[in-house]
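Student: I have a new model open on my screen. Please take me through it, one question at a time.

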Amino acid sequence: MNQSVHATCSMLDVQQVGLQINQSNILKDVSFSIKAGQFVGLLGPNGAGKSSLLRCIYRFIKPTYGQIQLLNAPIERYSRPEYAKQVAVVLQDVPEQFNLGVFDVVAMGVTPHKPLFSSINHKDKDDIAMALEKVGLSHKSNQMFSSLSGGEKQRVMIARAMVQQPQLLIMDEPTSHLDVKYQIQIMELAKSLGVSVLASFHDLNLAAAVSDHLLVLQNGELKAQGAPLQVLTSELLSDVFGVCAQVTQVPNAHSEQTLVPHIRYHYGYIQ
Ligand SMILES: Nc1ncnc2c1ncn2[C@@H]1O[C@H](COP(=O)(O)OP(=O)(O)OP(=O)(O)O)[C@@H](O)[C@H]1O
C-alpha cells in the first residue's frame, strides 16, 4: 500500500467515530478530514477525549463505531509495518523502558523502512545525526536515553519521528515537557517536515499560531472546527473552556498578511 500523496488529496478521514468504554460515551460521532500537508490542532478541556481520539487513529484502540481512513483505505487494512511507515506518533509521556542510547532510540525510526534483520546503513546514520542536530541533541548522541531530562526525551522522540519520514505525524501534547524555546522550535520543525500533522494542545495561543485548522472537542463531541480565527472566539473559550478571555488578531510570525488569534485571559473563571 504505497501511494503517492498530492497536496489536494485527503490524508485522513474520520467518519462518525464513536468510542464507548464501560457504557460511557468517550467519543460521539466525530467526523473530520485532514488534507496532505495540513497542520491540524486538536483542542479541548481535560477529559474531552483528545487522547482517546488520537489513540483510535494510531490504532492503539479500536473505535466502537465509525470508520477511519488513511489515504482512502480503512486503517485496519494496513499491516503493522505498512502503518508504521505512514504514521509516526509522539506521545505526552515518553517510554521509560528504553535501555538504549539516544542514537539507538532515534534509529528505531528507520526500522519500518528496513527489511527484517537488516542493519542501518551510512545514509540512515546521516539521517539520524541530522535529526538529532535539528532537535539540538547532537552532543547527547551517546548518552543513555533513561538519563535525559523530560524535555530532552521528548525531543529524542521527535527526532525518531523525523527519521521515520511519515505521511502523518500524530502528537499528543508534544510540548508538555518543553521549555518555551523548544515548544516553538519543535512546532516549527514539525511544520517544516511538510507532512500532515495532527497535534493536541493545551496552549491555545501556540495552537493558533502553528495550525492551519483547529478541532475543538467537548465531552467527546466535536464542538467546532475551522481556521483558528473562526474557531477561537471569546464565546467558545467561555462555553468550552469556562474562561473569560479577550481575543485579538496578530500577524502570523511568518507572514504579516496572515492574521492569527491571540488570547488574553482574564483572571477568574466561569463556574
Ligand atoms: N480506558 C478507559 N477506561 C475508562 N475511562 C476512560 C478510559 N480511557 C479514557 N477514559 C475517559 O475518557 C475521557 C477522555 O479521556 P482522554 O484522556 O481522551 O481526554 P483528554 O482530552 O486527552 O484529557 P487531558 O487533556 O486531561 O489529557 C476521560 O473522562 C477519561 O477518564
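**Helix, sheets and core**

Student: Which residues of helix 1 are buried?
Tutor: This is a predicted model, in which local features need pLDDT of at least 70 and side-chain atom pairs count only at pLDDT 80 or more, while totals for chains, interfaces and linings use all residues. Residues are numbered from 1 along each chain as its sequence is written. Helix 1 covers residues 50–57, and seven of its eight residues are buried (20 or more other C-beta atoms within 10 Å of their own, with C-beta atoms placed from the backbone; 12 or fewer would be exposed, and in between partly exposed). The buried ones are Lys50, Ser52, Leu53, Leu54, Arg55, Cys56 and Ile57.

Student: How confident is the predictor, as a mean pLDDT of the protein chain?
Tutor: For the complex, the predictor gives an ipTM of 0.98 and a pTM of 0.90. Per residue, pLDDT is its confidence from 0 to 100, and 92% of the residues in the protein chain reach 70 or more. The mean pLDDT of this chain is 89.

Student: In what order do the strands of the six-stranded sheet lie?
Tutor: Strands here are DSSP runs of E with at least two residues, and helices are runs of H or I with at least four, both numbered from the N terminus. Two strands pair if DSSP finds at least two bridges between them. In this open sheet the pairing is mixed, and strand 6 (87–90) and strand 10 stand at the edges with a single partner strand each, so one side of each has no neighbour in the sheet. The order is 6-7-8-3-9-10.

Student: Which residue in strand 7 stands opposite alanine 88?
Tutor: Strand 6 and strand 7 (residues 168–172) run parallel, joined by four bridges. In strand 7, the residue opposite alanine 88 is leucine 169.

Student: Which residue in the hairpin of strand 9 and strand 10 takes a positive phi near 45°?
Tutor: Strand 9 (residues 213–218) pairs with strand 10 (residues 221–226) in the antiparallel sense over five bridges, and leucine 217 has leucine 222 as its bridge partner. Two residues lie between the strands of this hairpin. The one with the positive phi is asparagine 219.

Student: What about the other sheet: which strands are at its edges?
Tutor: Four strands form this open sheet in the order 2-1-4-5, with antiparallel pairing. Eight bridges join strand 1 (residues 10–21) to strand 2, where glutamine 20 stands opposite asparagine 25. Pairing on one side only are strand 2 (24–35) and strand 5 (73–74).

Student: Which helix gives the most residues to the largest nonpolar core?
Tutor: A nonpolar core is a set of buried Ala, Val, Leu, Ile, Met, Phe, Trp, Tyr and Cys residues joined through C-beta atoms within 7 Å. The largest has 73 residues, and those with the most contacts inside it include Val106, Ala159 and Val197. Seven of the core residues come from the top contributor, helix 5.

Student: Why is helix 5 called roughly parallel to helix 6?
Tutor: Axes are lines fitted to C-alpha atoms, for helices over the stretch in contact, and angles run from 0 to 180 degrees between N-to-C directions. Angles under 35 degrees count as roughly parallel. The axes of helix 5 and helix 6 (residues 180–192) come within 12 Å and cross at roughly 5°.
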